[in-house]
Amino acid sequence: MRHKQTRKQIIEIFPRQSWFWSLIGVVSLGIVFVPIPSTFSQPVEKTLRVEASTFEFTPAVLSVNPGDLVTIELNSTDVVHGLYLDGYDIQITAQPGQTAYLKFVADARGTFRFRCSVSCGALHPFMIGKLKVGPDLLLWRGVGMAVLAALAAVWSFHSWSAIT
Amino acid sequence: MATRRIRAEWIARMLVLVLVFGLSAMALASRWINRSQGIDVHARMPEAGGWSPTILNVDVGEPLNLRLISDDVVHGFAVGQSNQPPVDILPGKVAEVSLTFDDPGTYTFFCTRWCGPNHWRMRGTIEVNGPLDIPETSDPPPYLTLGIDLDSPHEVPVDLVRRPSAKRGAALDFDISEEDYLTHDHYLSLSPYDTWLAVKGLPEGSQLSDSEIWDIVAWRWASNTTSEAISTGEELYAQNCAACHGQTGKGNGVFARLVEGDTPADSSSDFGHKIVAPTDFTDPIHMLGAAPARLHGKILRGGMGTGMPSWGQIFTEDQIWAIVDYLWTFQFLNTNKE
Amino acid sequence: MVRYNLIQIPVLRTLLTNRWPQLIIRALALAGFLLAILAGFVGTPVGNRNFAIIMVWIAWWALLIMVAVPLFGRGWCSICPIPIPGEWLQNGTILGPLKKKSGFGLKMRWPNKFRNIWLQNVAFTVLALFSIVILTQPRITGIVLLALILIAVGTSFIFERRTFCRYLCPVGGFIGLYSQVSPIEVRVRDTSVCAGHKVKTCYTGNEDGYGCPWGIFPGGMVKNTNCGTCMECLRTCPYDNIAVNLRPPGTDLLQLRGRKLDEAFKAFIMLGSAVVYSVVLIGPWGALKTAAFAVGSFAWWGYALSFLAFVYLLLPGIFYLAVRFISQNVPGKRKPLRMFTEYAYALVPLGLAAWIAFSLSFIFTNVSYLWSVLSDPFSWGWNLFGAANSSWTPYFSKYVPAVQVLVLIVGLFWSITVIQRISGERTLSEYKPWRTWPVVAYSAFVTVGLLWLLVG
């Protein structure tokens, strides 16, 4: 019965030899850890004006270069809002008419979500923006890993087909 | 065997009943007991109803215990014409306040955190009942005694070359006789432009340039305030005025955009009536023609249909004057005495 | 295949066969459920300070999607409070059968036409369209929870067994689908014992337990999908023939029997809604959030129709085209629709990974609300555990994105290995690894999209 036969083949979980998996391991380590030098730029002072309204930040996507001395000027336009920056774990609160200033050195690279930190209504937990500090290495390494995972998964069945 | 099972079944049923309904019942019961500990005052955005209840009653000398609860965004609570610091009401947290009033009368409580374009409408009253010893008489505001029509136009034809500076004015060491210009009433009733004209008309004044005379006016204005008043005014302005008039006084606060560009019909929807753009305090043509008593009156009475709230029930006399003093800093440099 | 029967461990056997532990957990869950309904109606309208919202959409959801489903499959169903009142009324007892024919209800059979999960697909979709409102508004959450338990009680009054759980519960459908990856299964040890057992007490029930509440015969069970892991068969089998096995995860996905179009669609509904939520809730586009929230408005209709088009047409449509492409190169003329159904099961690990990754975006950010909500469930000013005034603090905000990437990559890798095995099932002699490339590319593309949405 074909059914039974298929079952037997499936038992082999990872059909390729260990050298194959070692290779995949080395390549994935490369993707994850290879240092990618970001194009060097002289750190500058950068002031970004952000408006907070229910339930969005405008602009919602900010970009700075690594090392910049960043000042986020938070202006609320309706009710009291806040801004909490993931990764840096810093926050400020602003009410309409009183700009709040968040000053920090953008020393951590990557893309960080920032979110409202003061309850401002129903969708408050989803009031989200992004701060990009240099190129988004995590995303690119992630994409690289996705491609590698796809190739490795398919390729690992080569010898499986050879057996059959 | 069967009886043991039946007994177990009954134990299980009791356990489930106690556990399942007990918790909910306990919650509701303690809620009911909790009610006696104070009056729940809910705060909602004005569009959603504002304060609830809006009228509170208490007897003189009796504590008024309030449990302040926000149902949406951050609000604040304060009683008008008092110097007590406001209490923030954070959503989903109960803020407890105990108030005791020494004098009978009607007090206004209001929201102290911007909670939308209609934030300033979020007010309620506290009726304090008690024997009224002396019928309350308060002095009429200076704009009434001086006969200033708050709604009359007061633009003046000025063209400043530079911003007047109190420091430069003081350095000029110009002697103006006390009886004419240094009395408080005089200061209240004359606009900077009136004073400028008067100084220009003096024999000593004719030897000064127009800008120098403005410096003298600035110095004159600075000598009528203190740095404490200005910092109080600055704080009050930031909390209560900047959202419309702008942090730089330019009349471009975050809510001012509700009038900009839109047709009046559209802009009225947020405020419930037609509004006009907030005053630009940096505009000399508008500001230098206004006497301090006029500014005081506008803050006290409000804009009567312009969208400018009335602050008479909210600020103390000193607080209004502190704001007036601060407003002049948008025109005059180095207003602080130091 | 490798299996380890956990019932060999005496402690586990006692815990699973004895009725008290399950009863107490169910009673606690039911008490919590009632408290959540109560909090929804009388607690604060501020979602992030309300027990109903935080308990259900943060605590319960986190445990369900990150722990219960991946590790225990339908484990949650065995303690879920929603069908419990109805089941107790149906049985007439709460701690095992006492005598035959007690209990209330008409015990009707569920119509054959609806013996599939299409109704569950619809129920989930309807909740999903309103989910932005449901998961932020305590009143609406309260109404939904109340409605679920009332419908469950009503269903068990009219129909036999756990008809609600199997054919109606909006959550049950995807728990069943994703329970296939779990490393735990309830199976019979020897099917010939069942074949020789005339009475089939596991289905009819006896004095030691009820007949399978889920209406299945354990002897014929090959997949976790419809097994509620309630352990009744463990109690009723006179031959000790029921095993609770530890097994390689994902085994059911390679099971040829029982692959159906309704479940295949469930895979797309789940994967698609994870993508839509990542766009709407985690993305920086405020207008989308407002549109999804303003139920009934023109913008909301736009959102709802886009949601439906993406989940029911675009996502499965492209997948169908990919599968059709493969079918043309497969010897022996396979029907594309049948292949579509089979290959869709390969999207189960990726779909679960997408949901875990999406949930990670808001769970660690908001779990700190739990401490204040447990201390003051209704925001009435209580302080039961002294944490009522603890402030909101996102946890691990530095590391969560990396974990999300890892979860998605594992899901993708797992899905593609399943694709390859499904591809090999029927055409083993002519198996070519790269033949599946359109479906592999599809999965990789969805993964990259999710990566961009969640961590980019």
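**Reading pockets and interfaces in a three-chain model**

Biologist: By class, the lining of the second largest pocket has 26 nonpolar, ten polar and eight charged residues; what counts as nonpolar, polar or charged, and what is a pocket?

Modeller: Ala, Val, Leu, Ile, Met, Phe, Trp, Tyr, Cys and Pro are nonpolar, Asp, Glu, Lys and Arg are charged, and the others, Gly among them, are polar. On a 1 Å grid over the protein atoms alone, a pocket is an open set of points with protein on both sides within 12 Å along at least five of seven lines, a cavity is a set where a 1.4 Å probe fits but cannot get out, and lining residues have an atom within 4 Å of a point. This is a predicted model, in which local features need pLDDT of at least 70 and side-chain atom pairs count only at pLDDT 80 or more, whereas totals for chains, interfaces and linings use all residues. Residues are numbered from 1 along each chain as written, chains are lettered from A and ligands numbered from 1 in written order, and side-chain values use heavy atoms, without hydrogens or water.

Biologist: How much space lies in the second largest pocket, and which residues lie nearest its centre?

Modeller: A volume is the space filled by probe spheres set on the points, which are joined across faces, edges and corners; here it is about 890 Å³. Of the 44 lining residues, Thr54(A), Phe55(A), Cys120(A), Gly121(A) and Ala122(A) lie nearest the centre. Helices (DSSP runs of H or I, at least four residues) and strands (E, at least two) are numbered from the N terminus, and α3(C) gives the largest share of this lining, four residues.

Biologist: How many cavities does the search find, and what lines the largest cavity?

Modeller: Rolling a probe the size of a water molecule over the atoms shows where empty space is left. Over the whole structure there are eleven cavities of 30 Å³ or more, and the largest has a volume of about 180 Å³. Its 18 lining residues include Asp86(A), Arg113(A), Arg115(A), Pro401(C) and Gln404(C), the closest to its centre. Strand β8(A) gives the most to this lining, with four residues, and by class the lining has ten nonpolar, five polar and three charged residues.

Biologist: How should I read the interface of chain A and chain C, and how many residues are in contact there?

Modeller: Contact means heavy atoms within 4.5 Å, and by that rule 52 residues of chain A touch 54 residues of chain C. Buried area is the accessible area (1.4 Å probe) that two parts lose on being put together, summed over both; for this pair it is about 4,600 Å², 71% of it on carbon and sulfur atoms.

Biologist: How many salt bridges lie between chain A and chain C, and how many between chain C and chain B?

Modeller: A salt bridge is a side-chain nitrogen of Lys or Arg within 4 Å of a carboxyl oxygen of Asp or Glu. Chain A and chain C have zero, while chain C and chain B have one. There, Arg5(B) pairs with Asp208(C), the closest N and O atoms being 3.4 Å apart. Helix α2 (residues 19–42) of chain C gives the most to the side of chain C that touches chain B, with ten residues.

Biologist: Which residue of chain B forms a salt bridge with Asp40(B)?

Modeller: Arg67(B) does, with the closest N and O atoms 2.8 Å apart. Arg67(B) lies in strand β4 (residues 63–70) and Asp40(B) in strand β1 (residues 39–43) of chain B, so the pair ties together parts that are 27 residues apart in sequence.
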